Structures are given as structure tokens and as C-alpha cells.
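Here are a few friendly notes to read alongside the model. Please keep the coordinates open as you go.

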Amino acid sequence: MKLTVFGATGGVGHEVVRQALAAGHEVTAVVRDPARLDVPAHDRLEVAVVPDLTDEEALVPVLAGREAVISALGAASNKQAKAAPVTGPAVRAILAAMDRAGVTRLTAVSAAPVGPDVASDGVFTRAVFLPLLRRALRDLYADLAVMEAAIGASRTQWTVIRPPRLLNRPRTGTYRRALDANVPRGRVIPRADVADALLTTLTDPATAGHALGIAS
């Protein structure tokens, strides 16, 4: 496929680019600072520098002729999300540019706490741990909720991936999945497996129009 990847310099994003190239895809990696792209040069890799991801006009050229878009965007911290929300405003512009460029397939990373609680996780997790986590990172999750709302209201064939805590470990490809739900007792997952989910769901029509919980 011909893919455009946003957030390519982040932990999940650079795994998306690496795995996509290894799978034979053509990749346009959209970055603000190309020096931060930790991926070797490749004949199927194009690096597009877009300083402002809310600039719809600048996004249309990097989407023209693409078959799908992957968003690995996310604020680096709650403090950053509070000072200047990143993901929601950027994805709104990306969706508008996709519409103009005629690109309809999108996968995007969100976070498990944006999704519903799992009843089997127990009272402590649902009544204590998750409320504390959501309060501590409320601005980050609010930004992701804005993103999910924009995606859900769009005309794209979308899949939102909701992982729990991310780890820097190798890809396993054997993580658990839950459609429109979070994975029971899903606590962690490697960033490389999140990248795998973002890529593999592109060709899984059963996930279109749904959020997908994943966890090790």
C-alpha cells in the first residue's frame, strides 16, 4: 500500500515506519524535524516536513495518491497537552485534508483509559486506579477524546487503537484484541505491537468504524 504516517518520530510512529517498509509498503513519513526520524534511508520512504500539522493546505500534498493514513500522534506529556493540545487539532486538519485528497482509510492510536472500563477488572481498578490515572492525565486524555470524536464524525473508514501502558520491547504479534472494548486485565503492550495493530487493521474490514482495545 501507499501510506502516509503522522507522528513518525515518536516511539510508536517510528515502529510503524520500520514495519511498513519491511512489509513492502511505500511510506510518506510526515515530520516536523527530520533529524528526529530514527529510520534509515530507504527507496520506498519519503520524508515530508510539515511544521504545522493543523495547516490543512500543507497536508493535502502529502496525502495525494495515498491509499491509507496512520496517525501515531500524541502529546508527550499531560503538561504539553494542557499547554497546547496536539492530537485533536492535528487530526481534525488531517481528516479535512484526507477528504480533499480522496483518502478514506485511517487508523489512529488513542489510549485505553479513553475507552470503557472492563467489569471483570475488579473494584480497585475501576473505582480507584483508573479514576486516579484519568485525573492525573486528564488533559492528555481530553485531547485524545477530541481526536476520537472528530474521527467518529468523519467520512473515513476508521479504526482507533486503544493500548494500555506502552513498553519499549520487541514486537510479538500475539497481543489480545477487543472490539469496542478494553482488554480484560490489559496493563501493558510493546510499542512495536501497537504499530503492528495500526498496520494490520488497515486491511481488516471488520475493524472499520470501531475502536479496538489491545494489550499483551
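The points below cover one helix, the nonpolar cores and the largest pocket.

1. A word on the basis: this is a predicted model, where local features need pLDDT of at least 70, side-chain atom pairs count only at pLDDT 80 or more, and totals for chains, interfaces and linings use all residues. Numbering runs from 1 along each chain as its sequence is written, and side-chain values use heavy atoms, with hydrogens and water left out.

2. Have a look at helix H6 (residues 138–152), whose 15 residues reach 21 Å from first C-alpha to last. Helices here are DSSP runs (H or I, at least four residues), as are strands (E, at least two), numbered from the N terminus. Among the H6 residues that are buried (under 20% relative accessible area, 1.4 Å probe, protein chains only) are Leu140, Leu144, Met147 and Ile151. The buried residues of H6 pack against helices H3 (78–83), H4 (87–101) and H5 (123–136), and also strands E5 (105–109) and E6 (157–162).

3. Ile151 also appears in the largest nonpolar core, among the residues touching the most other members of its 33. Such a core is a set of buried Ala, Val, Leu, Ile, Met, Phe, Trp, Tyr and Cys residues joined through side-chain atoms within 4.5 Å. Leu59 is in contact (heavy atoms within 4.5 Å) with Phe6, Val50, Leu53, Ala93, Ile94 and Ala97, leaving aside neighbours within four places in sequence. A second, separate core of 29 residues includes Val27 and Ile214.

4. Finally, Leu140 is one of the residues nearest the centre of the largest pocket, which is lined by 50 residues. H5 gives the largest share of that lining, five residues. A pocket is an open set of points on a 1 Å grid over the protein atoms alone where a 1.4 Å probe fits, with protein on both sides within 12 Å along at least five of seven lines; lining residues have an atom within 4 Å of a point.

Key: The expected span of a helix is 1.5 Å times one less than its number of residues. Buried means under 20% relative accessible area, exposed over 50%, partly exposed in between (1.4 Å probe, protein chains only).
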